[in-house]
Amino acid sequence: MKQIMRRKLNLPKIEGITLRWVVNIVGVILIFLLCVFIVSSFAIKNHYYSNVESILNSGASSTAVSYFSSNLDAGMTLEQSASEYIDNYSYKEKTTTWIIDNDGDVVVSSNGFAVEKQFMQDYEDALKSPSGRASFIGKLDSGEKVMAVTRIISNSEGYPVGAVRVLSSLEQIDSQIGSIIFLLFLAFVLVFAIIIFSNLFFIRSIIVPVQEIEETTKKISQGDYSVRIEKKYNDEIGNLCDSINSMAEEISTTDKMKNDFISTISHELRTPLTSIKGWGETLTLGINDNDSVDELTAKGLQVIVSEAGRLEGFVEELLDFSRLQSGRMNLKLAKTDIFAELDETVFTFRERAMREGIEVKYRIPEIPAIADADANRLKQVFMNILDNALKYSRAPSKIFVKAEFEQLDGKSYAKIAIADQGCGISKEDLPHVKEKFYKANVSVKGSGIGLAVTNEIINLHNGKLEIDSKEGKGTLVTIYLPIENTPNDNQLSSISAQQIDEEIDKGVNMKGE
């Protein structure tokens, strides 16, 4: 219900700045209003009770006591003086007056009713008090709540001969006080509600733009430079929106210039590099047929061909990065056997790994995994991951490759796991390894682009790339690619019947452990 009301009023959630505002500002306002309400309630009650007590004091005043004392000295009885006093008392409509004798009995009551003898706390206190006066707030034996003031009557010699007790019912007064306090409470609730809602809308005018700014800056940090913030206010928040929009525009322009530069340079470098590599290979073939060429020249040509090939690969990565940034990376889809492409890539890669002292162990099903895919891009994915596994491994060690069929959420996938026994990736670096130009280990050659391109290619195939690693133990890369065909039970049985390499299973299931 609260969530529905919040959505209807478009109010911010109670968190962050809003929570601090509620705790600090609203809390202070609430405490202040509560204190004012409590003080006001006591003040109202004291005001009414003070007025009642003032009236009672006028009935049981020292003048009244003097009146009785004079009459007693003149020979009048207490009852006679009481009747005359009550007849002349101006507040007899609002109060009840009792004249009490020295035995504590009520000899005359202003209301004309007989009063049974009862314990009267204010009378007992007045007898003990030096002033001869005492007051009482409480209930009578009948249960009625009253306020009473008693003053002792003394004769001319100073001996007590009775008392005047004036009472007033508090039932109606308490009811009036309760009504006033309730109205005061409603007024405070209304004031508090007005303060809260007016401040909530003010807070909303700050929180909502700040939330939009937060969401926009997140998108900008993720590479979406086209987002802009709508300026709603001509104040500091509006100026901040203008600054962020201007920043996004500048970043977008700079990023476009960078991408255009990378694309242009990559294309410009590709042609001379192709020529250098081609002529280097041609000269190398000529040297092999000519024994008169010295060894240094032959070795130099081999270095030229090798480095030209490496630069050519780097240029291709830059071109892929440029396509990735501009959204121009397209796939040439065709019916493709994913496992066949993996097998061909591993076979090519295996010789290179052996030259560097790394053993490659792999198991790929003979059953094809058919999918609409770009065969060249898939080979690029497999080669990038295998190349990373090789770069971060040290001889002697092993690289494990395992391919199998997997069912996820009722869909068929080709699952490819590639694990190495290299240096691994730290927990701090692992969440960032798919980011562009991010390198977990700067001591290893590379641009930091390959894994970002790899991840994008897999995403374009509607697949998924997972990386698990533990520093000092190794890294496991798992690829899931959707396929069209699902092996039947007989085919799966034949796969199970094949010779299983337990070392491969253990290698690709290490999970960085």
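Is T478 buried or exposed? In this predicted model, T478 has a relative accessible area of 4%, and because buried means under 20%, T478 counts as buried. The residue belongs to strand β12, which spans residues 474-482. With neighbours up to four places away in sequence left aside, T478 is in contact with K415, I416 and A417, and also with K464, L465 and E466. The stretch 411-420 is strand β10, and the stretch 464-470 is strand β11.

The protein chain as a whole contains 13 helices and twelve strands. It has 513 residues, of which 37% count as buried. Among contacts between residues at least 6 apart in sequence, 66% join residues at least 24 apart.

Next to T478 in sequence is I479, a residue of the largest nonpolar core. That core has 44 residues, and the members touching the most others are I338, I399, I416 and I479. Helix α10 supplies the largest share of the core, seven residues. A separate core of 22 residues includes Y89, V108, I153 and I177. Residues up to four places away in sequence not being counted, I479 touches V381, F382 and I385, as well as A414, K415 and I416. The remaining residues touched by I479 are I458, K464 and L465. K415, I416, K464 and L465 are also in contact with T478.

Helix α10 (residues 375-391) packs against helix α9 (residues 338-355). The two axes are 9 Å apart and form an angle of about 35°, and the crossing is right-handed. On the α9 side, the contact is made by I338, E341, L342, E344, T345, V346, F349, R352 and A353. On the α10 side, it is made by A375, L378, K379, F382, M383, L386, D387 and L390. By type, the residues of this contact comprise eleven nonpolar, five charged and one polar. Two of the residues in the contact recur elsewhere in this description: I338 is among the core members that touch the most others, and F382 is touched by I479.

Two further helices each have a buried side. In helix α4 (residues 78-88), the buried residues are L78, S81, A82, Y85 and I86. These lie on the same side of α4, because they cover an arc of only 130° around the axis. The exposed residues D87 and N88 are carried on the face of α4 turned away from that buried side. In helix α5 (residues 121-128), D122, Y123 and A126 are buried. Their arc around the axis is only 100°, so they too are placed on the same side of their helix. The cover over the buried residues of α5 includes strands β1 (96-101), β3 (133-139), β4 (145-154) and β5 (160-169).

Two serines in other helices were also examined. S252 lies in helix α7, residues 236-288. S252 has a relative accessible area of 26% and is therefore partly exposed. Its C-alpha atom is separated by 7.3 Å from that of S226, the two residues being 26 apart along the chain. S322 lies in helix α8, residues 295-326. At 2% relative accessibility, S322 counts as buried. The C-alpha atoms of S322 and T264 are separated by 9.6 Å, and these residues are 58 apart along the chain.

Some loops show particular backbone geometry. A395 and P396 are joined by a cis peptide bond, with omega at about -5°. P396 is located in the loop between α10 and β9 (397-408). Strand β9 is followed by a loop that leads to β10 (411-420) and holds D409. D409 is a residue other than glycine with a positive phi, near 55°. At 80% relative accessibility, D409 counts as exposed. A positive phi, near 60°, also occurs at N462, again a residue other than glycine. N462 is placed in the loop between α11 (450-460) and β11 (464-470). Its relative accessible area is 59%, and N462 is therefore exposed.

Definitions and conventions
Residues numbered from 1 in each chain as written. Predicted model: local features only at pLDDT ≥ 70, side-chain atom pairs only at ≥ 80, totals over all residues. Heavy atoms only, no water. Helix = DSSP H or I, 4+ residues; strand = E, 2+ residues; numbered from the N terminus. Buried < 20%, exposed > 50% of the residue type's maximum accessible area, 1.4 Å probe, protein only. Contact = heavy atoms within 4.5 Å. Axes fitted to C-alpha atoms, helices over the stretch in contact; angles between N-to-C directions. Left-handed = near helix turned anticlockwise from the far one by under 90°. Nonpolar A, V, L, I, M, F, W, Y, C, P; charged D, E, K, R; others polar. Core = buried A, V, L, I, M, F, W, Y, C linked by side-chain atoms within 4.5 Å. Arc of directions from axis to C-beta.
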